[in-house]
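Biologist: I am new to this structure and would like a close look at a single part. Please take the open sheet and its disulfide, and then set that part beside the other side-chain contacts.

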Amino acid sequence: MIIHLSLIPAILTFTKKYNRKNGLIVLNVIGLVVGVFYVYMWLTVDTKPIDKKDTNRFVLNPNLITEFHRDDRLNPNNPDFQFYTIASFCADLNNNEKADTIILKRLKGWENDPGDFQQIQITTDNGTIWTETNFDGWVRFDNNYYVPDSVKRLNQLDTDLLLLTDFENTKILGLFGWVYASESGLLTIIDFNTKQPRIMINKNLDLVGIDNQKITIQDSEDKCWIENINNRLIMNCE
């Protein structure tokens, strides 16, 4: 706007000095120059990447989330516990074309206890660090917790420690807990639908299948589907 106002005296001067026809020509030339200037400024302006918004495409279902066991001793903040890294992976977890980091850790001195690792730490590209601990332990595919081949083929990471795939146009990360007797092992699924990771499912369930619209599980004798219906995570069974 300031540039346009500053040009008014020049336009009036040219219009008075020359006849109407020449004045219109000059006016058109000036307009063209101003237009080119604005296009140049728009193309060269330094734009910053837009952070992924907390879209909350679906509301979590509390019936699908069991809290991890905690007491005075079994607590991640217990200074007597030391964790060490057993594996790390880089992947774009929040679909912004930037690498995030997944680190799996094991408790020192617990090597003879069930589970291949007890802690997962996720660091997103914006520096957010999210950590969750399962003292009962998570295991590799088919190391006590059976994972169907159709699900393993979906894995976007070359590992049998965890499963990275798609659900409802977001990434989900699957972890599998130790199976005791005839009880289903713990199925932990983390989603990246919001600004930081969150537990989407944490329940003793047998995983049967996954696609972008539903997660199929076996709950006792029932076959069930977990779906996003009206922006809410719902489980329906046969």
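Modeller: The sheet comes first, then the disulfide, the aromatic pairs and the salt bridges.

This is a predicted model, in which local features need pLDDT of at least 70 and side-chain atom pairs count only at pLDDT 80 or more, while totals for chains, interfaces and linings use all residues. Residues are numbered from 1 along each chain as its sequence is written, and side-chain values use heavy atoms, with hydrogens and water left out.

The sheet is open and has four strands in the order E9-E10-E11-E12, with antiparallel pairing. Its edge strands are E9 (206-210) and E12 (232-237), each of which pairs on one side only. From one strand to the next, the twist averages 25°. Helices (H or I, at least four residues) and strands (E, at least two) are DSSP runs, numbered from the N terminus. Two strands count as paired if DSSP finds at least two bridges between them. The twist rests on axes, which are lines fitted to C-alpha atoms, for helices over the stretch in contact, with angles that run from 0 to 180 degrees between N-to-C directions. In general, strands of a sheet pair through backbone hydrogen bonds, either parallel or antiparallel.

Strand E11 (residues 222-229) is joined to E12 by six bridges, and these two strands run antiparallel. One residue to look at here is Cys224, whose bridge partner in E12 is Cys237. A disulfide also joins Cys224 to Cys237, with 2.0 Å from S to S; the term means a pair of cysteine sulfur atoms within 2.5 Å. Cys224 lies in strand E11 and Cys237 in strand E12, so the disulfide ties together parts that are 13 residues apart in sequence. The link of Cys224 and Cys237 is right-handed, with 95° about the S-S bond. A search of the whole structure finds one disulfide.

The two cysteines can also be described by accessibility, where buried means under 20% relative accessible area, exposed over 50% and partly exposed in between (1.4 Å probe, protein chains only). Cys224 counts as buried, at 0% relative accessibility. Cys237 counts as partly exposed, at 38%. A further cysteine, Cys90, counts as exposed at 58% relative accessibility.

Next come the aromatic side chains. The structure holds eight aromatic pairs. Rings of Phe, Tyr and Trp (its six-membered ring) pair if their centres lie within 6.5 Å; planes under 30 degrees apart count as stacked, over 60 as edge-to-face and the rest as tilted. Among the pairs is that of Phe81 and Trp110, which is edge-to-face, with 5.9 Å centre to centre and 90° between the planes. Phe81 lies in the loop between helix H2 (20-44) and strand E1 (83-91), and Trp110 in the loop between strand E2 (100-107) and strand E3 (117-123), so the pair ties together parts that are 29 residues apart in sequence. Both Phe81 and Trp110 are buried.

Phe117 and Trp138 form a tilted pair, at 5.6 Å centre to centre and with 40° between the planes. Phe117 is in strand E3 and Trp138 in strand E4 (residues 129-139), so this pair ties together parts that are 21 residues apart in sequence. Phe117 is buried at 0% relative accessibility, and Trp138 is buried with a relative accessible area of 0%. Together with Phe68, Phe117 and Trp138 form one aromatic cluster.

The last contacts are between charged side chains. Side chains of opposite charge can pair when their charged atoms come close. A salt bridge is a side-chain nitrogen of Lys or Arg within 4 Å of a carboxyl oxygen of Asp or Glu, and a search of the whole structure finds seven. One of them links Asp149 and Lys152, whose closest N and O atoms are 3.2 Å apart. Both residues lie in helix H3 (residues 149-152), three residues apart, about one turn of the helix. Asp149 is partly exposed, with a relative accessible area of 44%, and Lys152 is partly exposed, with 24%.

Arg198 and Asp191 meet in another salt bridge, at 2.8 Å from N to O. Arg198 and Asp191 are both buried. Salt bridges that share partners join Asp142, Asp149 and Lys152 into one network.
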